[in-house]
Amino acid sequence: MLTIDPKDLNPVQTQAYLQGAVGPRPIAFASTVDENGNPNLSPFSFFNLFSSNPPILVFSPSRRVRNNTVKHTLLNCEATKEVVINIANYDMVQQLSLASTEYGDGVDEFVKAGFTKVASNKIKPFRVAESPVQLECKVNDIIALGDQGGAGNLIICEVVQIHIAEHILDDKGGIDQHKIDLIARMGGNWYTRATPGMFEVEKPLTTLGIGVDAIPEEAKKSGIFVGNDLGILGNVEVLPTTEEINQFLAENTSINEIKENNELMFKKAKMFLDAQDVTSAWKTILATIK
Ligand SMILES: Cc1cc2nc3c(=O)[nH]c(=O)nc-3n(C[C@H](O)[C@H](O)[C@H](O)COP(=O)(O)O)c2cc1C
């Protein structure tokens with residue numbers, strides 16, 4: 001294991017390690033205007049949702065590592081206290097990347113990157129028509145995290161108007177997680193497209209799961225179950241009774257025949273887990289343990 005004190009790294013190295021490890025990061029495509037109303041549009045992946053009541057988003061334009069200057073988006077947020085955070089999807093990624101180019105003062109990245117402006121309802125900055133969700137925000141606070149190159153500036157935004165493209169909605173009017181086709185930033189030049197990698201994890205029981213500590217040591221030490229298996233086994237509320245286990249063995253003679261062989265039994269339980277049959281997995285494990 002590489003063990004590092006960040007004080008021994010330069011800011012570029014620190015940034016590279018942290019951006020490589022903390023991800024995927026969602027992307028705020030921030031639209032602002034300066035005091036004269038000139039539009040600006042830039043992506044920021046130091047971004048997330050922090051509260052829903054009040055609805056608060058935070059993103060962070062950093063001081064540039066190379067020359068310790070600040071970004072137009074920060075100056076505009078300080079001056080006007082308004083920003084539209086446009087959510088980025090896969091169809092926008094190449095133009096969004098182009099919009100991150102460090103154009104000079106007053107250059108309109110909507111024009112340079114080829115995005116379409118739509119007037120906002122409650123604030124001056126424009127929305128990005130191509131974005132599936134556009135969030136009009138007032139800036140409540142800006143917190144500078146330092147004064148050296150690489151220091152972030154937390155822009156704390158309160159959402160005052162939400163716009164959602166109808167084509168990303170599901171039957172119940174919620175946001176369909178496949179249709180929105182989100183992207184996120186990782187280390188280096190890497191991005192990820194959420195849709196192909198999505199999987200569901202059942203929420204923990206509202207009642208209490210028995211916990212990994214309740215799984216028999218013999219099963220845990222077998223090396224057959226990985227961490228995800230243990231999490232699934234620990235998320236059940238009650239274990240099968242002896243009667244249920246006996247009935248299961250009576251109905252499954254092939255399992256009954258191997259019940260003296262722990263390794264084969266645990267492998268069988270693992271097969272049940274892989275097939276999402278947690279109850280049979282537990283019955284097999286408990287039939288093994290004497
Ligand atoms: C996907 C992506 C994410 C980015 N995230 C950040 C970020 O979180 N913080 C930051 O300071 N710069 C970030 N950048 C770089 C800025 O977008 C870039 O410096 C931009 O030119 C700033 O524009 P501005 O000066 O008009 O505000 C990111 C760039 C890309 C392409």
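Where does P24 lie, between which helix and which strand? P24 is placed in the loop that runs between α1 (11-21) and β1 (25-26). The model is a predicted one, and the description below goes from the chain as a whole to its backbone details and then to the ligand.

**Overall form**

The secondary structure of the chain amounts to 11 helices and 12 strands. Measures of overall extent come next. The radius of gyration of the chain is 26 Å, whereas a compact globule of 290 residues would have one near 19 Å. The C-alpha trace spans about 80 × 50 × 30 Å along its principal axes.

**Backbone details**

Two peptide bonds that precede a proline are described here, along with one residue with positive phi. Between G23 and P24 the peptide bond is cis, and its omega is near -5 degrees. This is the P24 of the loop between α1 and β1. A cis peptide bond also links N53 to P54, with omega about 5 degrees. P54 belongs to the loop between β4 (47-52) and β5 (55-59). N68, a residue other than glycine, has a positive phi near 60 degrees. The loop between β5 and α2 holds N68.

**The ligand and its surroundings**

The space that the ligand takes up is the largest pocket. Elements that contribute two or more residues to the shell around the ligand are β3 (39-44) and α2 (72-80). With four residues, β3 supplies the largest share of that shell. By class, the shell residues are six nonpolar, nine polar and five charged. There are 20 residues around the ligand, and those that come nearest are P43, S62, T73, S100 and E102.

Three polar contacts involve an oxygen atom of the ligand and are listed in the table.

| Residue | Protein atom | Distance to a ligand oxygen atom |
|---|---|---|
| N40 | N or O atom in the side chain | 3.0 Å |
| P43 | polar backbone atom | 2.8 Å |
| K71 | N or O atom in the side chain | 2.9 Å |

Taken alone, the ligand exposes 640 Å², and the protein buries 91% of that area.

P43 thus appears twice in this account: it is one of the residues that come nearest to the ligand, and a polar backbone atom of P43 is 2.8 Å from a ligand oxygen atom. For N40 and K71 the contact is made through the side chain, at 3.0 Å for N40 and at 2.9 Å for K71.

Definitions and conventions. Residues numbered from 1 in each chain as written. Predicted model: local features only at pLDDT ≥ 70, side-chain atom pairs only at ≥ 80, totals over all residues. Heavy atoms only, no water. Near = heavy atom within 4 Å. Polar contact = N/O pair within 3.5 Å; in protein donor to acceptor, adjacent residues only side chain to side chain. Areas by Shrake-Rupley, 256 points an atom, 1.4 Å probe, with all protein chains shown as cover. 1 Å grid on protein atoms, 1.4 Å probe; cavity = no way out; pocket = protein on both sides within 12 Å on 5 of 7 lines; lining within 4 Å. Sits in = over half its atoms within 2 Å of the grid points. Nonpolar A, V, L, I, M, F, W, Y, C, P; charged D, E, K, R; others polar. Rg over C-alpha atoms; globule rule 2.2 N^0.38 Å.
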